[in-house]
Amino acid sequence: MATIARLAREGKAEVPVYALGADRRVDTRTLDLTRSPLFVAEGIFAAEIVEECRREGVLAGAYALRRPRGATFLRRLARDLAEQRKAPRVLLHRGLTLLRSEPAVLRRQVGLGAEAARAGVVLRRVARMVTDHPGTTTVQPRHCPTPNA
C-alpha cells in the first residue's frame, strides 16, 4: 500500500519483480510514472486494498472484470503454456480449478469494493480519466458505485 501511495503522490517508487514460474519475488526496480496521468494496479489481490486506497485518497476507480469464463480459461491456459510457467498437466488442473472458482472470486472482489464491469466499460472509463486530466501526475479519486449484487 505504501508503494501505491508513493506512486500516486510522487510518480516514482521501487516495485517488486516476480518470477511467476517460481512463485516468488526475485528483484526490485524503479517504476517512474511521473509523465503518466494515472496508473493501473491489477491482479487477483488488487481488491484487497480498495478500501485502503479510498481512505488514502489515491483511488480513481476499482473494477473486477466480468468476462466469459470459458474464454478466460482458454486465454489463461494458452498464456501459461506459451510461457512454460509449469507443467501442462498442472496448468490444466489449475485452470479448471480457477474456472470453477471464478464466480466466487468476482463476488468477493465486489464485496471488497470493486465494481464488476466488462473490459470495454473499464477501458472507456480509464480513457476518460486520462483525457479529463491531461498532463497531471495523479487523478482525483472518483466515487465508484458498487452495483447491486
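Aspartate 80 pairs with arginine 79 in a salt bridge, with the closest N and O atoms 2.8 Å apart in this predicted model. The two partners sit differently with respect to solvent: aspartate 80 counts as buried, at 2% relative accessibility, while arginine 79 counts as partly exposed, at 35%. The structure holds 10 salt bridges.

Another of these pairs is glutamate 48 with arginine 108, whose side chains come to 2.4 Å, N to O. This one ties together distant parts of the chain, with glutamate 48 in the loop between S2 and H2 and arginine 108 in helix H4, 60 residues apart. Glutamate 48 is partly exposed at 41% relative accessibility, and arginine 108 is partly exposed too, with a relative accessible area of 48%.

Then there is arginine 125, which forms a salt bridge with glutamate 115, the closest N and O atoms being 2.7 Å apart. Here the link runs from helix H5 (residues 119-132), home of arginine 125, to strand S4 (residues 115-117), home of glutamate 115, and spans 10 residues. Glutamate 115 is buried at 10% relative accessibility; arginine 125, at 24%, counts as partly exposed. As for how pairs combine, salt bridges with shared partners join Arg79, Asp80, Glu83, Arg85 and Arg94 into one network.

Arginine 76, in helix H3 (residues 69-82), is another story. This residue is buried yet has no salt bridge, and the nearest side chain of opposite charge, glutamate 102, is 4.1 Å away. The cut-off for a salt bridge is 4 Å, so a pair at that distance does not count. Setting aside neighbours within four places in sequence, arginine 76 touches Arg94, Gly95, Leu98 and Glu102.

Further along, glutamine 84 lies in the loop between H3 and helix H4 (88-111). Its phi is near 50°, a positive value in a residue other than glycine, and glutamine 84 is exposed, with a relative accessible area of 69%.

Tyrosine 63 belongs to strand S3 (residues 63-65) and is partly exposed at 25% relative accessibility. In sequence, tyrosine 63 and alanine 116 are 53 residues apart, but their C-alpha atoms are 5.7 Å apart in space. Beyond four places in sequence, the contacts of tyrosine 63 are Ala114, Glu115, Ala117, Val122, Arg125 and Met129; both partners of the salt bridge between arginine 125 and glutamate 115 are among them.

At the start of the chain, helix H1 (residues 2-10) has Ile4, Ala5, Leu7 and Ala8 as its buried residues. Seen down the axis of H1, these fall within an arc of 160°, so they line one face of the helix. Ala2 and Glu10 are exposed on the other side. The cover over the buried residues of H1 includes strand S1 (12-19), strand S2 (24-32) and helix H2 (50-56). Just after H1, glycine 11 takes a positive phi of about 85°.

Taken as a whole, the chain has 5 helices and 4 strands, running in the order α-β-β-α-β-α-α-β-α. Of its 149 residues, 28% count as buried. Among contacts with a separation of 6 or more, 63% come from residues 24 or more positions apart. The chain exposes about 10000 Å², with carbon and sulfur atoms supplying 55% of that area.

On confidence, the average pLDDT is 85, and 89% of the residues score at least 70. Residues 136-149 stay under 50, and the model has 35 contacts for them beyond four places in sequence.

Key:
Residues are numbered from 1 along each chain as its sequence is written. This is a predicted model: local features need pLDDT of at least 70, side-chain atom pairs count only at pLDDT 80 or more; totals for chains, interfaces and linings use all residues. Side-chain values use heavy atoms; hydrogens and water are left out. Helices (H or I, at least four residues) and strands (E, at least two) are DSSP runs, numbered from the N terminus. Buried means under 20% relative accessible area, exposed over 50%, partly exposed in between (1.4 Å probe, protein chains only). Contact means heavy atoms within 4.5 Å. Lys and Arg count as positive and Asp and Glu as negative; His and the chain ends are not counted. Accessible areas come from the Shrake-Rupley method with a 1.4 Å probe; for residues, only the protein chains shown count as cover. The arc is that of the directions from the helix axis to the C-beta atoms. pLDDT is the predictor's confidence in each residue, from 0 to 100.
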